[in-house]
Amino acid sequence: MEICLSLIITPDRSQFFEYESVSLSCEVQGNSAKWRVVKNAVKASQNPGSSYRIPSTKTSDSGLYWCQSWSGEHSKTVNITVHGGHVILESPALPVTEGHSVILNCRYKKGPSNLTADFYKNGSFIRTETNGGMTIPAVNKSDEGLYSCRHPELGRSPERLADSSFLFCKLPPPPPPTPPPLPPLHLSSSLCLCLGWWLVSPSLWSFYWSCSGTARGTKM
């Protein structure tokens with residue numbers, strides 16, 4: 001059973017070179033159950049409330065990771081690949097909200113990462129970028145797929161499904177509900193009568209006293 005539990009990866013990408021640092025932590029919403037980070041069904045972290053940090057990645061750190069409570073509830077899985085080669089694709093490890101901009105970077109282990117690179121989706125060539133990065137300005141469901149990049153001399157990033165370069169898209173959260181309009185202000189007939197009397201009564205009293213004074217003057 002899945003709950004409002006998410007695995008957060010810092011930095012947010014699914015591929016890493018060897019000897020890099022990566023932190024994994026669980027974000028819980030609406031549930032106070034104790035949790036742990038799990039890798040390939042084996043406990044990676046068993047300290048509730050603390051993140052699991054890999055200070056220096058190795059290829060053996062590749063695998064499926066997720067958060068799991070002590071009662072067996074779990075988050076979605078995230079596939080992390082630690083690559084021993086020269087090229088990786090920096091793509092988000094977590095699903096990207098539909099409509100947001102995404103940049104896929106072709107990164108080289110040695111040297112600058114703004115070199116020319118070819119980008120592929122599901123094995124098919126997309127285009128060549130001269131700065132090493134490909135931008136998807138407004139991602140949607142049709143952009144989901146398995147991405148990879150290639151440098152003509154340095155080689156190609158991992159591209160198998162098990163190598164975690166799959167880009168996922170999620171729907172944006174629904175807008176907050178619009179509060180209902182206030183009911184129109186209706187005054188009851190009795191309230192209107194009272195207000196009318198309150199407004200008119202000073203004039204009536206003034207007229208009465210003026211008439212009374214005139215009557216008394218006439219009698220005199």
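A disulfide here is a pair of cysteine sulfur atoms within 2.5 Å. I start from that cut-off and note that the model I am reading is predicted.

**Entry 1: disulfides**

I searched the whole structure and found two disulfides. With bonded cysteines counted along the chain, their pattern is 1-2, 3-4.

I took Cys106 and Cys149 to begin with. Their sulfur atoms sit 2.1 Å apart, which is within the 2.5 Å cut-off. I looked up the torsion about the S-S bond of Cys106 and Cys149. It is about 80 degrees, so this disulfide is right-handed. Cys106 belongs to strand 11 and Cys149 to strand 15, so the bond ties together parts 43 residues apart in sequence. I checked burial too: Cys106 and Cys149 are both buried.

Then I turned to Cys26 and Cys67. These two form a disulfide with sulfur atoms 1.9 Å apart. The S-S torsion of Cys26 and Cys67 is about -105 degrees, so I log this disulfide as left-handed. It links distant parts of the chain, with Cys26 in strand 3 and Cys67 in strand 7 (residues 63–69), 41 residues apart. Cys26 has 12% relative accessibility and counts as buried. Cys67 is buried as well, at 0%.

I also looked up Cys169. Its relative accessible area is 5%, so I note Cys169 as buried.

**Entry 2: the three-stranded sheet**

Strand 11 carries Cys106, and I wanted its neighbours. I found an open sheet of three strands in the order 9-11-14, paired antiparallel. The edges are strand 9 (87–90) and strand 14 (133–136), each pairing on one side only. From one strand to the next, the twist averages 15 degrees.

How many bridges join strand 9 to strand 11? I count four, and the two strands run antiparallel. Strand 11 spans residues 102–108. I picked out one bridge by name: Leu89 has Cys106 as its partner in strand 11. Cys106 therefore has two roles in my notes, as bridge partner of Leu89 and as the cysteine of strand 11 tied to Cys149 in strand 15.

**Entry 3: strand 15**

The other end of that disulfide led me to strand 15. Is strand 15 (residues 145–151) enclosed or open? Six of its seven residues are buried, so the rest of the structure largely encloses it.

I went through its pairings.

- Strand 12 (residues 117–121) pairs with strand 15 in the antiparallel sense over four bridges. Tyr120 stands opposite Ser148 of strand 15.
- Strand 17 (residues 166–167) is joined to strand 15 by two bridges and runs antiparallel to it. Leu146 has Phe166 as its bridge partner in strand 17.
- Strand 16 (residues 155–156) is also joined to strand 15 by two bridges, again antiparallel. His151 has Gly155 as its bridge partner in strand 16.

Strands 15 and 16 make a hairpin, with three residues between them.

**Entry 4: salt bridges**

My search of the whole structure gave eight salt bridges. I followed those of Glu20.

Arg13 forms a salt bridge with Glu20, and their closest N and O atoms are 3.1 Å apart. Both Arg13 and Glu20 are buried. Arg107 forms a salt bridge with Glu20 as well, with the closest N and O atoms at 2.7 Å. Arg107 lies in strand 11 and Glu20 in the loop between strand 2 (15–17) and strand 3 (22–28), so this pair ties together parts that are 87 residues apart in sequence. Glu20 has a relative accessible area of 12%. Arg107 counts as partly exposed at 22%, because the buried class ends under 20%.

Next I took Glu129 and Arg127. Their closest N and O atoms are 2.6 Å apart. Glu129 counts as buried at 18%, whereas Arg127 is partly exposed at 33%. I then asked which residues are joined into one network by salt bridges that share partners. They are Arg13, Glu20, Glu90 and Arg107.

**Entry 5: confidence**

I finished with the pLDDT. The protein averages 78, and 72% of the residues score at least 70. Residues 187–200 fall below 50, and beyond near neighbours in sequence this stretch has three contacts in the model. Residues 214–220 are also below 50, with zero such contacts.

Notes: Residues numbered from 1 in each chain as written. Predicted model: local features only at pLDDT ≥ 70, side-chain atom pairs only at ≥ 80, totals over all residues. Heavy atoms only, no water. Pairing = 2+ DSSP bridges. Axes fitted to C-alpha atoms, helices over the stretch in contact; angles between N-to-C directions. Salt bridge = Lys/Arg side-chain N within 4 Å of Asp/Glu carboxyl O. Buried < 20%, exposed > 50% of the residue type's maximum accessible area, 1.4 Å probe, protein only. pLDDT = per-residue confidence, 0-100. Contact = heavy atoms within 4.5 Å.
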